[in-house]
Amino acid sequence: MKWIFKTLFVLALIVSSHTAFGATVYIDCSCSTNGDGTGQTCGASGPKNAPVTTVSASTDYKYKAGVTCDLASTAITINQNAVTISSYGTGSKPVITGGSTAYPIVLNSTIGSSISGIEVTNGSSGALNVNGSAVNSLVDGLDISTSLIGFIVNSAGISGLTLQNMDITCTGASSICTNVSTNGGGVTFRDSSVTLTATNKSS
């Protein structure tokens, strides 16, 4: 009988170790050294000094406030479950620039993920692309500055995706701030401002 209780206890420890803890990766693009992402002070055990474009499930990627990170040609693609993109420190929101990516941030086949407290500028097409199933996910407090598309939703496999507290500024002569072509009724958009200039439009 004792071995049954011991076995159950060990199993409980294994389950809790997999469910109670998620990894945190710090990113500070002002650091000269590319750290391992575990700490907040620049150095070998400090933040990574470039955006993390390949994400892992159940991981919080924190970008340092007041710092700009430039993408090259590869987008940050959230295609794992329970991924968080957020910030740490004090000051203005960290900025992720799109570079030559089509969209700097892509949501594609994810459950329970979130993006919050950062600013994104457009790539060659726009800023945020939801092009795959996004279930029970949240975009909160994301600032977008774009001369093209702010965000686009073009997938029917979406359920429980909320976009809120966003500040979207469109500066191009023919910007489409919001482009929701199909979503299966699974998108909630609220408490967000859209600023249009010149002949910009929102659709």
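These legends accompany close-up views of a predicted model.

**View 1. The whole chain, with one helix and 20 strands.** The chain has 203 residues, and buried ones make up 42% of them. Take the contacts between residues at least 6 apart in sequence: 65% of these join residues at least 24 apart. The exposed area of the chain is about 9600 Å². Carbon and sulfur atoms supply 54% of that area.

**View 2. The largest nonpolar core, with 36 residues.** Tyr 61, Ile 85, Ile 115, Leu 128 and Leu 142 touch the most other members. Strands giving two or more residues to this core include β1 (23–27), β2 (59–64), β15 (149–154) and β16 (161–164). The largest share comes from β11, with three residues. In soluble globular proteins, nonpolar side chains tend to be buried together.

**View 3. A second, separate core of five residues.** Among its members are Ala 75, Tyr 103, Val 106 and Ile 152.

**View 4. The surroundings of Tyr 61.** Neighbours within four places in sequence are left aside here. Tyr 61 is in contact with Val 25 and Ile 27. Its contacts also include Val 52, Thr 54, Val 55 and Ser 56. Val 83, Thr 84, Ile 85 and Ser 86 are in contact with Tyr 61 too.

**View 5. Lys 62 in strand β2.** The Lys 62 side chain makes a polar contact with the side chain of Asp 60, at 3.1 Å. Not counting residues up to four places away in sequence, Lys 62 touches Thr 24, Val 25, Tyr 26 and Ile 27, along with Ser 86, Ser 87 and Tyr 88.

How values were computed:
Residues are numbered from 1 along each chain as its sequence is written. This is a predicted model: local features need pLDDT of at least 70, side-chain atom pairs count only at pLDDT 80 or more; totals for chains, interfaces and linings use all residues. Side-chain values use heavy atoms; hydrogens and water are left out. Helices (H or I, at least four residues) and strands (E, at least two) are DSSP runs, numbered from the N terminus. Buried means under 20% relative accessible area, exposed over 50%, partly exposed in between (1.4 Å probe, protein chains only). Contact means heavy atoms within 4.5 Å. Accessible areas come from the Shrake-Rupley method with a 1.4 Å probe; for residues, only the protein chains shown count as cover. A nonpolar core is a set of buried Ala, Val, Leu, Ile, Met, Phe, Trp, Tyr and Cys residues joined through side-chain atoms within 4.5 Å. A polar contact is a pair of N or O atoms within 3.5 Å; within protein, one must be able to donate a hydrogen and the other to accept it, and residues adjacent in sequence count only if both atoms are side-chain atoms.
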